[in-house]
Amino acid sequence: MNKKNAIVIAVIIGIIAITAPILISLYLARQQSFNEQSNKVISIADEVLRRSEKIGEQADAAIKELEDAGATDPCSDENIRLMRALDMKSDQLQTLGYIEDDRVMCSAYGPSIARTSLGPPDYLSEMGVYVRIGVSFPSTGEMKFLIFTRKKSGYSALIHPGLPIDIFKNDPEISLGVFGFTVGKLMTSRGAFEHRWVQALGNRYHAEIVEHGRLVAIRRSKKYDIAAYASVPAARVEEGIVNFAVVLVPVGIIAGIILALTVLYMARQQLSLAAALKTALRRNEFFLVYQPVVDLKTGNWVGAESLIRWQRSNGEMVRPDLFIPVAEDTGFIQRITERVIELAAGDAARLFKSNPDFNIGINLSSTDLHSRKTIDLLNGFARQTNALPNNLVVEITERSFLDPEIARDVVRELRGNNIRVSIDDFGTGYSSLSYLETLELDFLKIDKSFVGTIETEAATSQVILHIIEMAKALNLEMVAEGVETEEQAQFLRERGVKYAQGWLFSKPMIFSELMVNLEDKEKQV
Ligand code: G
Ligand code: G
Ligand code: MN
């Protein structure tokens with residue numbers, strides 16, 4: 001990736017980092033506003049239902065007392081006195097009376113409504129109560145009543161229908177009401193009502209719906225055959241967004257800016273790491289360490305893998321897993337590889353003189369494979385150090401081998417120059433057996449993640465066996481990486497793996513240390 005692409009990508013990510021939190025905050029604002037409005041209609045419907053049930057309870061209680069009194073003549077003076085007394089006690093009831101043959105025979109109201117024919121009831125409820133809706137009397141003018149009459153006794157409660165819905169009067173857009181649940185008949189209401197809302201409940205006790213531009217909450221009573229509802233225009237949700245947006249959008253903008261700055265900071269770090277790499281090359285801040293490759297049968301050190309190390313001028317060590325990818329992205333990798341080859345060549349010249357069979361491994365990255373120069377440098381290395389055919393091994397990761405054309409050409413050319421080729425980190429890519437067959441490789445390095453699964457329960461612990469089979473089918477010598485225990489070494493040895501690297505044998509060390517160790521080993525023989 002070049003610098004221009006990096007900047008374009010950083011800008012795109014920056015724009016996303018800014019806009020995404022704003023869009024999210026707008027979405028949340030809508031959600032909040034919706035919740036606010038639906039909580040409002042729910043609480044209104046609850047309140048209407050609560051009031052309706054309270055009326056029902058008082059009507060029930062009063063009628064029951066009249067029934068219990070058991071007057072032989074319901075309209076006796078004594079029974080009417082009882083009606084008055086009960087009427088006084090119950091603040092939710094307009095009055096009490098006795099109805100027979102669709103007429104009010106007598107009531108606590110006095111004679112003014114007596115003997116009026118009411119006509120048939122609107123319906124008989126599930127609970128054995130005749131319900132009459134919107135009843136008016138000549139003597140009471142405009143006032144209309146809701147009348148509940150117990151079928152069994154004829155005792156009735158007259159109710160002012162405005163009572164349960166006497167809330168939120170100053171908000172004309174709110175509609176609310178009560179209906180008989182089973183018959184679906186409105187008993188009392190204010191404002192918009194759609195018959196559909198009755199069905200929306202189904203056999204549930206509550207429902208919230210958005211329909212015909214209104215947000216509706218419906219609550220059914222568990223005690224009586226009634227349900228209450230309340231609704232507001234759905235447009236209220238949109239209006240309410242503004243209230244939440246003024247809080248949430250600035251939060252989103254701040255979050256967006258923080259995110260964008262983080263992206264910018266990380267991009268700059270990447271660029272500054274690239275700049276630091278350049279300085280490091282100039283100041284020779286890189287050096288090599290070597291990790292021995294051990295013959296699993298004899299325990300002899302047969303070679304070593306060179307591993308780059310970067311110590312910055314402030315003493316800080318930077319891990320290769322951190323800077324190698326950056327070097328690959330920013331085009332510095334080839335200069336780093338060049339430095340590695342240079343450093344290794346200096347060491348190897350001495351090494352090969354005293355240990356003619358020893359081999360040195362050098363890691364290449366995928367970019368290196370695309371360049372003619374790498375091969376020239378390696379050839380130069382071989383010449384300069386008087387390397388024998390087995391002395392120099394290049395390690396190429398499985399993932400770098402993705403392009404078959406390039407892979408074949410590079411491998412052929414390297415091997416033509418007596419350089420051995422090893423496929424590194426094997427098992428972490430997706431190479432097929434048939435593809436690998438077309439490359440003339442020498443070694444296969446089993447990635448340490450698979451060595452780590454040996455004799456564990458991990459689901460991937462079988463994979464190493466397949467890798468070993470594959471290497472055998474391809475006639476490749478194997479080097480197991482990251483061997484940490486004698487059990488792992490034993491397992492590998494038994495399955496025909498010839499070489500290994502790992503902390504069990506040795507950690508990577510600087511060149512002088514490697515030389516000392518090799519000399520000591522020689523003396524022991
Ligand atoms: O020791 P370790 O932490 O040394 O190495 C981490 C990773 O960096 C390994 O995957 C190794 O392959 C890679 N690496 C180490 N040295 C070099 C090098 O000189 N060139 C390249 N391309 N990769 C290296
Ligand atoms: O190039 P490659 O990916 O093979 O790099 C080898 C890496 O593995 C280096 O970072 C090296 O320090 C590390 N390593 C070497 N031996 C061991 C080991 O026994 N255990 C673990 N966990 N890491 C190891
Ligand atoms: Mn390696």
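Contact here means heavy atoms within 4.5 Å of each other. What you're looking at is a predicted model, where local features need pLDDT of at least 70 and side-chain atom pairs count only at pLDDT 80 or more, while totals for chains, interfaces and linings use all residues. Residues are numbered from 1 along each chain as its sequence is written, chains are lettered from A and ligands numbered from 1 in the order in which they are written, and side-chain values use heavy atoms, with hydrogens and water left out.

Let's start with helix H4, residues 235-283. Helices (H or I, at least four residues) and strands (E, at least two) are DSSP runs, numbered from the N terminus. The expected span of a helix is 1.5 Å times one less than its number of residues; for the 49 residues of H4 that gives 72 Å, which agrees with the 68 Å between its end C-alpha atoms. Still, H4 has a kink of about 50 degrees centred on Ala-245, where the bend is the angle between axes fitted to the seven residues ending there and the seven starting there. Also in H4 is Leu-248, which touches Ser-25, Leu-28, Ala-29 and Gln-32, leaving aside residues up to four places away in sequence. Leu-248 and Leu-28 are 220 residues apart along the chain, yet their C-alpha atoms are separated by 7.8 Å. After H4 comes Asn-284, with a positive phi near 55 degrees.

Now for H4's partner, helix H5 (residues 320-330): the two pack at about 90 degrees, axes 10 Å apart. Axes are lines fitted to C-alpha atoms, for helices over the stretch in contact, and angles run from 0 to 180 degrees between N-to-C directions. H4 and H5 are therefore roughly perpendicular, a label for angles of 65 to 115 degrees, whereas roughly parallel is for those under 35. Gln-270, Leu-273, Ala-274 and Leu-277 of H4 meet Leu-322, Phe-323, Val-326, Ala-327, Asp-329 and Thr-330 of H5.

Helices H6 (residues 333-354) and H14 (residues 511-524) pack at about 5 degrees, axes 11 Å apart, which makes them roughly parallel.

Finally, the metal. The manganese ion (ligand 3) has protein donors Glu-305 (OE), Asn-363 (OD1), Glu-395 (OE) and Asp-424 (OD), 2.1 to 2.4 Å away. Donors are N, O and S atoms within 2.8 Å of the metal (3.2 Å for Na, K and Ca); water is not among the atoms, so sites may look incomplete.

Note on methods:
Angles under 35 degrees count as roughly parallel, over 145 as roughly antiparallel, 65 to 115 as roughly perpendicular and the rest as oblique.
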